[in-house]
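Trainee: Before we go into detail, could we work through this model together, one question at a time?
Mentor: Yes, let us start from a single residue and widen the view from there.

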Amino acid sequence: MPNSSLDRRTLIRTAGAVGAGVVGVGALAACGSSSTTDAAASSSAPAGSAGVTVAASEVPVGGGKILADSLVVVTQPVAGTFKAFGATCTHQGCPVTKVADGKIECPCHGSQFDISTGAPTADSAAKKPLAAKTATVSGANIVIS
Ligand code: FES
């Protein structure tokens with residue numbers, strides 16, 4: 001008899017563990033769905049996907065927006081014209097961190113790049129332009145590739 005009691009307890013514990021596992025899978029599936037929804041609602045997608053997307057409304061005229069996770073900077077030099085560049089400074093590789101007064105700025109040694117061309121200003125430590133990317137208007141969004 002003790003063996004059958006032990007077997008029953010073991011069976012109950014095992015069933016509980018399996019049940020918890022099923023709940024865990026359900027919770028994971030729910031998290032997966034949630035993060036998919038979050039990604040769709042996000043203004044940018046990670047690098048390496050089909051393209052990085054940002055809402056045009058998030059890119060100010062005469063300025064820009066840095067998508068740090070994707071190492072991309074999107075600018076709008078004049079209304080309705082969008083440009084995109086790599087956000088890695090061509091001097092020594094720091095990520096640029098600011099767009100202001102028509103310039104993209106690197107904090108490491110003060111290089112500045114034109115928001116229209118990505119070219120460094122004459123007094124910048126960087127001598128090469130930021131890597132050009134393609135910015136395509138798609139409805140209310142800008143797709144960078
Ligand atoms: S790394 Fe950007 S200015 Fe030096």
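Trainee: In which strand is Ile-66 found?
Mentor: The coordinates come from a predicted model, and the protein in it has one helix and 10 strands. Along the sequence these elements follow the pattern α-β-β-β-β-β-β-β-β-β-β. Strand 2 covers residues 63–67, and the strand that holds Ile-66 is strand 2.

Trainee: Is Ile-66 buried or exposed?
Mentor: A residue counts as buried if 20 or more other C-beta atoms lie within 10 Å of its own. Ile-66 has 20 such atoms within 10 Å, and it is therefore buried.

Trainee: Which residues is Ile-66 in contact with, leaving aside its neighbours within four places in sequence?
Mentor: It helps to begin with a pair separated along the chain: Ile-66 and Gly-86 are 20 residues apart, and their C-alpha atoms are separated by 9.5 Å. With the neighbours within four places in sequence left aside, the contacts of Ile-66 are Val-73, Ala-87, Val-96, Thr-97 and Val-99.

Trainee: What is the order of the strands in the open sheet of four strands, and which of them stand at the edges?
Mentor: The pairing in this open sheet is antiparallel, and the order is 2-3-4-8. Strand 2 and strand 8 each have a single partner strand, so one side of each is left without a neighbour in the sheet. The strands at the edges are thus strand 2 and strand 8.

Trainee: Over how many bridges do strand 3 and strand 4 pair?
Mentor: Strand 3 spans residues 72–78 and strand 4 spans residues 81–86, and they pair in the antiparallel sense. Their hairpin has two residues between the strands, and Gly-80 takes a positive phi near 85° there. Within the pairing, Val-73 has Phe-85 of strand 4 as its bridge partner, and the number of bridges between the two strands is five.

Trainee: Which residue in strand 8 is the bridge partner of Ala-84?
Mentor: Strand 4 also pairs with strand 8, residues 132–133, in the antiparallel sense over two bridges. Phe-85 stands opposite Ala-132 in strand 8, while the bridge partner of Ala-84 is Lys-133.

Trainee: Which residues have the most contacts inside the largest nonpolar core?
Mentor: This core has 24 residues, and strands 1, 2, 3, 4 and 10 each supply at least two of them. Val-72, for instance, has contacts beyond four places in sequence that include Val-52, Leu-67 and Ile-144. The residues with the most contacts inside the core are Val-72, Val-73, Val-74 and Ala-84.

Trainee: Which strands are the edge strands of the open sheet of three strands?
Mentor: That sheet has the order 5-6-7 with antiparallel pairing, and its neighbouring strands are turned by 30° against each other on average, direction ignored. Strand 5 pairs with strand 6 over three bridges, and Val-99 stands opposite Ile-104 in strand 6. The edge strands, each pairing on one side only, are strand 5 and strand 7.

Trainee: Over which residues does pLDDT stay under 50?
Mentor: The mean pLDDT of the protein is 77, and 66% of its residues reach 70 or more. Where pLDDT is low, the predicted coordinates should not be read in detail. The model has 17 contacts beyond four places in sequence for the stretch whose pLDDT stays under 50, which is residues 1–49.

Conventions:
Residues are numbered from 1 along each chain as its sequence is written. This is a predicted model: local features need pLDDT of at least 70, side-chain atom pairs count only at pLDDT 80 or more; totals for chains, interfaces and linings use all residues. Two strands pair if DSSP finds at least two bridges between them. pLDDT is the predictor's confidence in each residue, from 0 to 100. Two residues are in contact if their C-beta atoms, placed from the backbone, lie within 7 Å. A nonpolar core is a set of buried Ala, Val, Leu, Ile, Met, Phe, Trp, Tyr and Cys residues joined through C-beta atoms within 7 Å. A residue is buried if 20 or more other C-beta atoms lie within 10 Å of its own, exposed if 12 or fewer, and partly exposed in between; C-beta atoms are placed from the backbone. Axes are lines fitted to C-alpha atoms, for helices over the stretch in contact, and angles run from 0 to 180 degrees between N-to-C directions.
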